[in-house]
Amino acid sequence: YPLSLINVEKELKINDLKQSREKLIPFLDSPEKEIRTTTSHLLAHLYRHDWYLLADQLMGSNKKLQIIGLIEILCEIGDKNSFQFFIKFMKHLDPEIRGVASVVALKVNALSKDEWTFCLKDPEKTVRLSALHWFSKHLDSKNFDILCGLLEDPAVEIRKELSWLLGQQ
């Protein structure tokens, strides 16, 4: 990471990050992606055992970058108990949040078949594409029928991926 733990510690002028971890949260709003990424990594480490405290705090946030940071933090922690939040992320009004959440939910297998089926109708292309990728990993006759609904998807990328997948069968 371009921004090291030492630089963050120096910037915050604190000695013990564990006691001052809440002071890192505003760095999730940084316009610099490297700072946000490093902050997410640090918060994942510092909240590894009590991530739910951070989740409760950030779920109420109206700051998009903080919620996206929380999604990345929960991904890195990987606790299956946190997967309940992905259902909430997938219902968020902001399409970018739903898009990021869908990519992470696919990575950590956080959603059920019913939840992915719901995602196939999302207006955000990234969400539909993530759902398509999930179904492609769990392809059976029922899931094949569900995917056929994407043949008329408005996104060319989704139709191309679907045709490739169907051609493999």
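**Exercise 1. Is R128 buried or exposed, judged by its relative accessibility?**

Solution. The model is a predicted one, and the values used below are computed from it. To count as buried, a residue must have under 20% relative accessible area. R128 has 7% relative accessibility, so R128 counts as buried. The same reasoning can be applied to D153, which counts as buried because its relative accessibility is 5%.

**Exercise 2. State which interaction joins the side chains of D153 and R128, and explain what the pair ties together.**

Solution. Begin with the distance: the side chains of D153 and R128 meet in a salt bridge, with 2.7 Å from N to O, and the cut-off for such a bridge is 4 Å. Next, place the partners in the chain. D153 lies in the loop between α9 (141-147) and α10 (156-167), while R128 belongs to helix α8, so the pair ties together parts that are 25 residues apart in sequence.

**Exercise 3. Describe the salt bridge between R98 and D122, giving the location of each partner.**

Solution. The bridge between the side chains of R98 and D122 has an N to O distance of 2.8 Å. R98 is found in helix α6 (residues 95-108), and D122 is found in the loop between α7 (113-119) and α8 (125-137), so this bridge ties together parts that are 24 residues apart in sequence. As for accessibility, R98 and D122 are both buried.

**Exercise 4. Work out how R21 is connected to its surroundings, starting from its salt bridge with D50.**

Solution. In the salt bridge between D50 and R21, the closest N and O atoms are 2.6 Å apart. D50 lies in the loop between α2 (33-46) and α3 (51-59), whereas R21 lies in the loop between α1 (5-12) and α2, so the pair ties together parts that are 29 residues apart in sequence. Both partners, D50 and R21, are buried. R21 also has an aromatic neighbour, for R21 lies over the face of Y47, at 3.9 Å from the ring centre. By the distance rule for salt bridges, the count comes to 8.

**Exercise 5. Find how many aromatic pairs the whole structure holds, and analyse the pair of W51 and F85.**

Solution. A search of the whole structure gives 6 aromatic pairs. In the pair formed by W51 and F85, the ring centres are 6.0 Å apart and the planes make an angle of 85°. Planes over 60 degrees apart count as edge-to-face, and the pair of W51 and F85 is accordingly edge-to-face. W51 lies in helix α3 and F85 in helix α5 (residues 84-89), so the pair ties together parts that are 34 residues apart in sequence. W51 and F85 are both buried, and ring pairs link them with Y52 into a cluster.

**Exercise 6. Decide which helices are tied together by the pair of W116 and W134.**

Solution. W116 lies in helix α7 and W134 in helix α8, so the pair ties together parts that are 18 residues apart in sequence. W116 counts as buried because its relative accessibility is 0%, and W134 counts as buried because its value is 7%.

**Exercise 7. Place these details within the chain by stating how many helices and strands the protein chain has.**

Solution. The protein chain has 10 helices and 0 strands. Of its 169 residues, 44% count as buried. Among contacts between residues at least 6 apart in sequence, 55% join residues at least 24 apart. Finally, the accessible surface of the chain comes to about 9600 Å², and 54% of this surface belongs to carbon and sulfur atoms.

Terms used. Residues are numbered from 1 along each chain as its sequence is written. This is a predicted model: local features need pLDDT of at least 70, side-chain atom pairs count only at pLDDT 80 or more; totals for chains, interfaces and linings use all residues. Side-chain values use heavy atoms; hydrogens and water are left out. Helices (H or I, at least four residues) and strands (E, at least two) are DSSP runs, numbered from the N terminus. Buried means under 20% relative accessible area, exposed over 50%, partly exposed in between (1.4 Å probe, protein chains only). Rings of Phe, Tyr and Trp (its six-membered ring) pair if their centres lie within 6.5 Å; planes under 30 degrees apart count as stacked, over 60 as edge-to-face and the rest as tilted. A charge sits over a ring if NZ of Lys or CZ of Arg is within 6 Å of the ring centre and within 35 degrees of the ring normal. Contact means heavy atoms within 4.5 Å. Accessible areas come from the Shrake-Rupley method with a 1.4 Å probe; for residues, only the protein chains shown count as cover.
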